[in-house]
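User: Please give a close description of the metal sites in this structure, for a reader who has not seen it before.

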Amino acid sequence: MADHYEVLGVSRDATLDEIKKAYRRLARELHPDVNPGEEASERFKLVTHAYDVLSDPEQRQRYDMGGDSPFGGAGAGGFGGFGDIFETFFGAAAGGGGRAGRPRSRRERGQDALVRVTLDLKDVVFGAHRDLDVDTAVLCETCQGSCCQQGTQPVTCDICHGSGHVQQTVRSLLGNVMTTHPCGSCQGYGTTIPYPCATCQGQGRVRARRTVSIDIPAGVETGLRLQLPGSGEVGQAGGPNGDLYLEVTVASHDVFSRDGDDLLATLEVSMPDAILGTTTTIESLDGPVELEIRPGVQGGDVLTIKGRGITPLRGTQRGDLRVGVHVVTPTRLDSKERALIEDFAKKTKAPAPHLSEFHQGLFAKLRDRFRG
Ligand SMILES: [Zn+2]
Ligand SMILES: [Zn+2]
C-alpha cells in the first residue's frame, strides 16, 4: 500500500490547502475523462483515496497514527463520487443542476509570478524599498475581462447545450454504457464566444509590464521568498490574481559578513597600538563608531559593538557587530627600528617561544568565514 503523502507528492506536514492543490493537479492529469488509460485509472483511484483520507482531519489523524485500511472507511470507493471530483476540479461553480452537469467556469485564478532581486548588506540591515518591473498577465482594458467584443456576449454552446459535457453511448458486452466527457466544442465552459475581444483574443487578459512597489523587511537572506498575495498574474476572464513571489539574493560585502543576526569583520591593529592601546573610529554600516582598544589586546580577541548588527526578520532586537582583532606584525624595519625592538626585547625578557594547548579561537572561526 503506497503512502498517501507520497501518492499526492506532499510532505507529511502539508496543509489542507497544499493537499487540495496537489490533488487538483493530479486529478487534471489522471481523471478518466482526460486520461482513459488503464494505468492512469489505477493511479487515479490511489490519488483519490489518498485525498479522501488526508483531506478529512479525523481520517488523516487516524492514518498518521497508522490506522488506515486500504480503500476502507468513509468517502472511499473508487469512482463513486464524480460530482465531488468535478467540484474539486473546477471550483464551486455557481448554479444548481446535476453535479456532473456543471459547466466549468471560464474565470480562473491567475498564476503566481516570481521576480528576483539582489540586495546589498545595507539593505538587509535596514530594510529596503524597490520599484520592480514585472512582466505578467494583466486585465484586458478593452473588454474588462469579459473576453467578448464590446456589445456582444458568450452564447450557449450548440453541442452540449450549456452543460459543458457531452454524453456518449458505447456498446460493450455488458450492454450500452454511457460515458461523460467535457465538451470539445466549448472546452467544458458551456458557452462559446462568437466575437472574441480583439485586444486579448478572447482571453480577458494581456501581457504587460508594470511596476510593483515593494518594501523589503530587514533581516532577509539569500534564497528567501517573500510572498505578495494578489500581486501575481490576473486570471483568465478576469479571474482573481495569483501571488507574486520575490526571491532575494544578498550580494557579499567587501568587509562585513553575516553570522545569524550579527555582523562580523576583522580589525587590523598595528603592534604598537596593540601594546599601548588606542581609540579609533571604524566605519560601520550605521556610520562611524568609536572603538576603544585596550592596551595589551591580543590577536583573536573579539570586540563587540552592541546593536550594530542585523534586525531579525521576525523581531526588533538588532544583533551585534563583532570585530576580531588581528595584530599586524611589522615585516620591514629599518636599522634604527630594529635596534629599538632588540632593545625592547632585552629589557622585557619575554619568554622564548613555547608550546601550549591547541586552541581553536573564535578568531580562527571568524577568519574562516572570509575564506569561504
Ligand atoms: Zn479583451
Ligand atoms: Zn459545449
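Analyst: The account below takes the two metal sites in turn and then a neighbouring strand residue.

This is a predicted model, in which local features need pLDDT of at least 70 and side-chain atom pairs count only at pLDDT 80 or more, while totals for chains, interfaces and linings use all residues. Residues are numbered from 1 along each chain as its sequence is written, chains are lettered from A and ligands numbered from 1 in the order in which they are written, and side-chain values use heavy atoms, with hydrogens and water left out.

The zinc ion (ligand 1) is held by the SG atoms of Cys140, Cys143, Cys197 and Cys200, at 2.3 Å. Donors here are N, O and S atoms within 2.8 Å of the metal (3.2 Å for Na, K and Ca); water is not among the atoms, so sites may look incomplete. The angles among the four donor atoms of ligand 1 run from 102 to 115°, and the site is tetrahedral; for four donors, that term requires all angles to lie between 85 and 135 degrees. Along the sequence, the donor residues of ligand 1 follow the spacing C-x2-C-x53-C-x2-C. Cys143 sits in the loop between β2 (128-139) and β3 (155-156), and Cys197 in the loop between β6 (191-192) and β7 (205-216), so this pair ties together parts that are 54 residues apart in sequence. Strands (E, at least two residues) are DSSP runs, numbered from the N terminus. Cys143 and Cys197 are both buried, a term for under 20% relative accessible area, with exposed meaning over 50% and partly exposed in between (1.4 Å probe, protein chains only).

The zinc ion (ligand 2) has as its protein donors the SG atoms of Cys157, Cys160, Cys183 and Cys186, which lie 2.3 Å from it. Its four donor atoms subtend angles of 103 to 116°, which makes this arrangement tetrahedral. For comparison, the ideal angle for four tetrahedral donors is 109.5 degrees. The donor residues of ligand 2 are spaced C-x2-C-x22-C-x2-C in sequence. Cys157 counts as buried because its relative accessibility is 2%, and Cys160 is buried with a relative accessible area of 6%.

Val206 belongs to strand β7. Leaving aside residues up to four places away in sequence, Val206 touches Thr136, Ala137, Val138, Leu139, Cys140, Thr199 and Cys200, where contact means heavy atoms within 4.5 Å. Two of these, Cys140 and Cys200, are among the residues that coordinate ligand 1. Val206 has a relative accessibility of 24% and therefore counts as partly exposed.

Notes: Four donors count as tetrahedral if all angles lie between 85 and 135 degrees; four count as square planar and six as octahedral if opposite donors are over 155 degrees apart and all others between 65 and 115; anything else is irregular. Helices (H or I, at least four residues) and strands (E, at least two) are DSSP runs, numbered from the N terminus.
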